[in-house]
Amino acid sequence: MKFVVLTIFPEMFDPFWAHGIIRKAIEDQRILTSAVNIRDYAADRHQVTDDRPYGGGSGMVMKPEPLAGAIRDAVQRAPQAKTVLLSPQGRVFNQAMAQELAALEGLILVCGRYEGVDERIADDLVDYEISIGDFVLTGGELAAMILVDAVTRLIPGVLGGDKAAETDSFADGLLEHAHYTRPRDFEGRGVPEVLLSGHHREIENWRLESSLMRTLLKRSDLLDKKALNRQEVEILNKWYRVIKNLI
Ligand code: 4GX
């Protein structure tokens, strides 16, 4: 997968490419990354990328010509790639979208600053408009990093086995079960006994129960969307009966 980021702050990506799983994915050539300076496509002597909005008002808008130049050049170099504009007006990013994007050959990620980009860019040169959440950032760069991060870890071979991504939170519509590691006693707090038992079947049952209960208590909205199997319904019913007997 090829990621080309278009930004006026390409240096923001240097530490991002240089650490952890992203770094390893680059080293293993599972992803190819570049951050391109939109300023390099500005025609004037001062390489201006923004201008005042037509109709007046405060704030600046990214000029269309440098952006169009940068996008067209990136498309030429990665003709298979889809172009994404990071914007609060976009579809809100989630794990299902990350999975779809992970199947693509390449992504050109357009990072806007200021009040946004000239609307004609979004209309004509962008395949997807994506928001990473309902809050306002100072620029699309952090949004692009989040998208690259979430997509990269789904590319086959990037995480240890492909098991790791399969057992994720959200992969099956539930939150992750609780995790514990040594020491067995941490400041007087123990570890669920079953996890020390070596009974793999019981451990799997406990983990499913943990996932379901955490989802019910912390993110019950996720359960509304999920198609539950028989075992999951059985566990939820069991706890429902426990609670009902208390009230
Ligand atoms: N998820 N921002 C982009 C400027 C902008 C506005 C409109 C294009 C169109 C954001 C988010 C986000 C702030 C990045 C405004 N660019 N991006 N920027 N939430 O808040 O992705």
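Which backbone N or O atom lies 2.9 Å from an oxygen atom of the ligand? In this predicted model, the atom in question belongs to Leu137. The protein covers 95% of the 460 Å² of accessible area that the ligand has on its own.

The ligand is surrounded by 19 residues, and the closest of these are Gly116, Ile132, Gly133, Phe135 and Leu137. Three of the residues just named also appear in the following table, which lists polar backbone atoms beside the ligand atoms that they approach.

| Residue (backbone atom) | Ligand atom | Distance |
|---|---|---|
| Ile132 | nitrogen | 2.9 Å |
| Phe135 | nitrogen | 2.9 Å |
| Leu137 | oxygen | 2.9 Å |

When the shell around the ligand is sorted by class, nine of its residues are nonpolar, eight are polar and two are charged. At least two residues of this shell come from each of strand 5 (82-92) and strand 7 (128-131), and strand 5, with four residues, gives the most.

Phe135 and Leu137, which are among the residues closest to the ligand, also belong to a nonpolar patch on the surface, where they are joined by Phe9, Met12 and Leu142, and the patch has about 420 Å² of accessible area together. Met12, another member of that patch, is found in the loop between strand 1 (2-7) and helix 1 (14-17). Because its relative accessibility is 31%, Met12 counts as partly exposed.

How values were computed:
Residues are numbered from 1 along each chain as its sequence is written. This is a predicted model: local features need pLDDT of at least 70, side-chain atom pairs count only at pLDDT 80 or more; totals for chains, interfaces and linings use all residues. Side-chain values use heavy atoms; hydrogens and water are left out. A residue is near a molecule or strand if one of its heavy atoms lies within 4 Å of it. A polar contact is a pair of N or O atoms within 3.5 Å; within protein, one must be able to donate a hydrogen and the other to accept it, and residues adjacent in sequence count only if both atoms are side-chain atoms. Accessible areas come from the Shrake-Rupley method with a 1.4 Å probe; for residues, only the protein chains shown count as cover. Ala, Val, Leu, Ile, Met, Phe, Trp, Tyr, Cys and Pro count as nonpolar, Asp, Glu, Lys and Arg as charged, and the others, Gly among them, as polar. Patches are made of residues with over 30% relative accessible area and no salt bridge: like charges are joined within 9 Å, nonpolar side chains (Val, Leu, Ile, Met, Phe, Trp, Tyr) within 5 Å. A salt bridge is a side-chain nitrogen of Lys or Arg within 4 Å of a carboxyl oxygen of Asp or Glu. Buried means under 20% relative accessible area, exposed over 50%, partly exposed in between (1.4 Å probe, protein chains only).
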